[in-house]
Amino acid sequence: MTDPSNAAIADLFDELGDLYELDGAVVHRVLAYRNAAKSVREAPRSVAAMTREGKVTELPGIGRTLEEKIEALLDTGTIPAVEKLRARIPAGLVEMTRLPGLGPKRARKLYDELGIDSLESLRAAAEAGKLRDVRGFGQKFEESVLAAFAAGAGDAPRPRVLLSKALDIGEGIVAALRAHPASDRVELAGSARRLTDSVKDLDIIATASDPPALLAAFAGLEVIESASSPGENAARGATHNGVAIDLRVVEPDQFGNLLQHFTGSARHNMALREASVRKGLHVSEYGILDDADGKTRRCEREEEVYALLGLPWIPPELREDRGELALRDGDVPALVEQGDLKGDLHMHTVLSDGRGTAEDMALRAREMGLEYIAITDHSASHGFGDHVSADELRAQIVAIRELDERLEGIRVLIGTETNIGTTGRPDYDDDLLAELDWVVGSIHTSFSMDVGSMTDRMVAAIEHPLIDVIGHPTGRKIEKRAPYAIDMDRVIEAAARTGTMIEINSAPDRRDLNDVNARAASQAGVPIVINSDAHGPETMVHTRWGVATARRAWLTKGDIANTLPWEEFAPLRKRAR
DNA sequence: GCCGTTTTCGGCCCGACTGTTTTCAGTCG
C-alpha cells in the first residue's frame, strides 16, 4: 500500500471538520480540523513519513489526537472517526451548506425535523412549501432556497479565476478609478494583491473627495455588466465575463486599516488578531482598539497598522499565516523582483510549437533588459506533431551559434526541453545533449503512474548528468489539472544532492513549482530558476507570474539562480561542475 | 482539538447582515 499523499490526508481532515460541524461539535474543534488540514496540505514534507518518524506533531495544528488519526490511516487505510461519522451524517448535508444562508446548524435542523438529506430533497421540500413550518425558518427562507436553485445553486461552483486574468481586469479598473477626478487613493486588495494562483473575486479600496460620484463612475465602467449598492459607501459589480468586484470607499484616516483587512488572508488576519489580543489590542477594519486607554487608533497607511502591533510591514505575498508574524524589523526578506532576472532559460520557437523565431525571441529579450536566453524547443518524442529530430536539433545548434555571433547585447544559448521517458531517460543521445549549453528535462506523458514509479522516474532524470534543470516539476494546471502523484521530499533531496536546478515555470496556469514546494526546495539548498516557457515573444513577460510565486515562497534575489550574470550562472550548471 | 513570555486548563478574531424573533443565533467574509 502506498502512503496517502498530504492532499489526501488534508481532504480527510477537512471532511472531518465538516462532519463534526454538522454533528454539532464546538466551533473551535471544527476550526482545529480545518487548521490541521491547511497545515498538512502545505507541509513541505510527506506527512505520512513525518508520522512514521514521530515528528508530525512538529507541524502547527497537529497534536497527539490528530497524530493518532494519521497513524490509524497508515496502519489500516482508514480513520475510524471518519467511518463512524459518514455512517451517521449523510454526505448530502455538506452539499446543502453550499446554499447561501444555509449553514451547518440549520442544515442539521432540516435533516432532524424533515429528514432532508440532499440538495434534491431540499428543493422538493421548498417546492412543496414545507420549509416555512420549521421553527426558525420562514417564507423568506423558502423563497431564497427556490431562488438559489433557479439561479443554478447546486451546480458545480463557479471556478476561480486565474490571477493573470483577474489582475488584467482589476488593474484596469484601478487605473480607470484613479483617473477619475473624484478619487484620491485607489488600491487593489484581497487575494489578487497577495498574488495567489487564482482568485474568487476582486476587492478594491478607495478614498474619494466625492464618494457617490466614484461609486457611480465604477458602475458606469465599460467592463462592468451590472452593479448594485449594498451600502452607502460600497458597490458590488460583475464584469461581462463574470468576475465579481467589491469596491469600498472609506475615510482617508482609515484607509490603512481597510486595506490591511481586505488584503487578508483570513488566516493571516485571524492569527494577527489573536496575537494582538494578548497585547491588549483589538484589530478590526476600522482601527485598533487599545485596552489600556479604551481608544481606537485609525491608520492612514498600512505600515502604521503593523507598527502599532509591534510588527514590521509584511509584504502581501507573505500574509498566509506561514510564519510571517514571527518576523521582526530587519528580517523581512527582500523578495525577488522581475527586474532582478538576467536570463530566461526555457522558451520555444517555430521549430517546435512556438510562434516566433529564435531571433524574434532574442530581440524581445534584449528589449526586456535580459542578458541571456536559452532556446529550448521540444524534443524528439513530444508527440504533438511538432517534435524536433536529432538532426534538426544539430542544425539548430549551428543556427543559434550564428545568431549569437550576429546579435549584439544579448547572449543566445542553445538548449532543449527534453522529454523524460517513463524510465527517467531523456529522449536524445547523451553525445547530442553534451553539445548543448543547457538542458531542461520535463515530463509530458504518462501522468498517471503511481507515486513510487513517478518519483523513481523523476529522480532518475535528476541524476542524469546532462539534465541541468527540471521543468514544470509537478505538471499541474491551475484550476484544471491536479499535479501528478510525486514524492516531493525525494525530488528535492535528489536535486540538492546532485546540484540539479528546479524551475518555477511562469506560464500563468502553471506556476510550477508552487509557492510551498519552491520554498521547501530553496530551503533544502536547491538553486531555483524562474523561466517564462514562452511560446512567442509576447509571452516572455510571463516571468511576472513565476516571480509572483517565488515571492509567495519568500524567495530573494539571492535564491534565484538566473538573477546572476551568465559568467556566474554558467559554472552552476551540472555539466560545468 | 490545539496550545502556552496569562503553560497542562481555559482560553481560542471581528463586525455586518439576515430573518425570525421579542433579544438573538446563525451565517458570511
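## A buried salt bridge

Asp197 and Arg511 are both buried. They belong to a predicted model. The two residues form a salt bridge, with their closest N and O atoms 3.8 Å apart. This pair links distant parts of the chain, 314 residues apart. Asp197 sits in the loop between α11 (190–193) and β3 (198–199). Arg511 sits in the loop between β16 and α21.

The loop between β16 (501–505) and α21 (515–523) also holds Leu513. The peptide bond from Asp512 to Leu513 is cis, and its omega is near 5°.

## More charged pairs

How many salt bridges are there? The count comes to 49. Side chains of opposite charge can pair when their charged atoms come close. Take Glu538 and Arg355, whose closest N and O atoms are 2.6 Å apart in a salt bridge. This pair, too, links distant parts of the chain, with the two positions 183 residues apart. Glu538 is in the loop between β17 (528–531) and α22 (543–552). Arg355 is in the loop between β11 and α16 (358–367). Glu538 counts as partly exposed because its relative accessibility is 46%, and partly exposed residues fall between the 20% and 50% limits.

Now look at a pair within one helix. Arg406 and Glu402 both lie in helix α17 (residues 390–406). They are four residues apart, about one turn of the helix. Their side chains meet in a salt bridge, 3.0 Å from N to O. Arg406 has a relative accessible area of 43%, so it is partly exposed. Glu402 is at 41% relative accessibility, so it is partly exposed too.

Some charged residues link up in a network of salt bridges. Its members are Lys38, Glu42, Arg194, Glu320, Arg322, Asp515 and Arg552.

## The surface near DNA strand B

Which residues come nearest to DNA strand B? Of the 36 residues around the strand, the nearest are Arg29, Tyr33, Gly63, Gly138 and Arg273. By class, this surface has 16 nonpolar, 11 polar and nine charged residues. Now take the strand's own atoms within 4 Å of the protein. Sugar or phosphate accounts for 73% of them, and bases for the rest.

Single contacts add detail. An N or O atom in the side chain of Tyr33 is 2.7 Å from a phosphate oxygen of DNA strand B. Gly63 uses its backbone: a polar backbone atom there is 2.7 Å from a phosphate oxygen of the strand. His28 lies by a base, with a polar side-chain atom 3.3 Å from a base nitrogen of DNA strand B. Several elements give two or more residues to this surface. They are helices α2 (27–41), α4 (64–76), α7 (104–114), α9 (139–150) and α14 (266–277), along with strand β8 (281–284).

## A nonpolar patch and a cis bond

Val27, Leu31 and Met270 form a nonpolar patch on the surface. Together they have about 260 Å² of accessible area. Met270 lies in helix α14. Its relative accessibility is 44%, so Met270 counts as partly exposed.

The loop between α13 (255–263) and α14 holds Ser265. A cis peptide bond joins Gly264 and Ser265, with omega about -5°.

## Positive phi angles

Asp321 is not a glycine, yet its phi is positive, at about 60°. Where is Asp321? Its place is in the loop between α15 (302–308) and β11 (343–344). Asp321 counts as partly exposed because its relative accessibility is 31%.

Ser446 is another residue other than glycine with a positive phi, near 50°. It is found in the loop between β14 (438–442) and α19 (451–463). At 36% relative accessibility, Ser446 is also classed as partly exposed.

## A buried histidine

Is His378 buried or exposed? His378 counts as buried because its relative accessibility is 5%, and buried means under 20%. His378 is found in strand β12 (residues 372–378). Its side chain makes a polar contact of 3.4 Å with the side chain of Glu417.

Conventions:
Residues numbered from 1 in each chain as written. Chains lettered and ligands numbered in written order. Predicted model: local features only at pLDDT ≥ 70, side-chain atom pairs only at ≥ 80, totals over all residues. Heavy atoms only, no water. Near = heavy atom within 4 Å. Polar contact = N/O pair within 3.5 Å; in protein donor to acceptor, adjacent residues only side chain to side chain. Nonpolar A, V, L, I, M, F, W, Y, C, P; charged D, E, K, R; others polar. Patch = residues over 30% accessible without salt bridge, like charges linked within 9 Å, V, L, I, M, F, W, Y side chains within 5 Å. Areas by Shrake-Rupley, 256 points an atom, 1.4 Å probe, with all protein chains shown as cover. Salt bridge = Lys/Arg side-chain N within 4 Å of Asp/Glu carboxyl O. Buried < 20%, exposed > 50% of the residue type's maximum accessible area, 1.4 Å probe, protein only.
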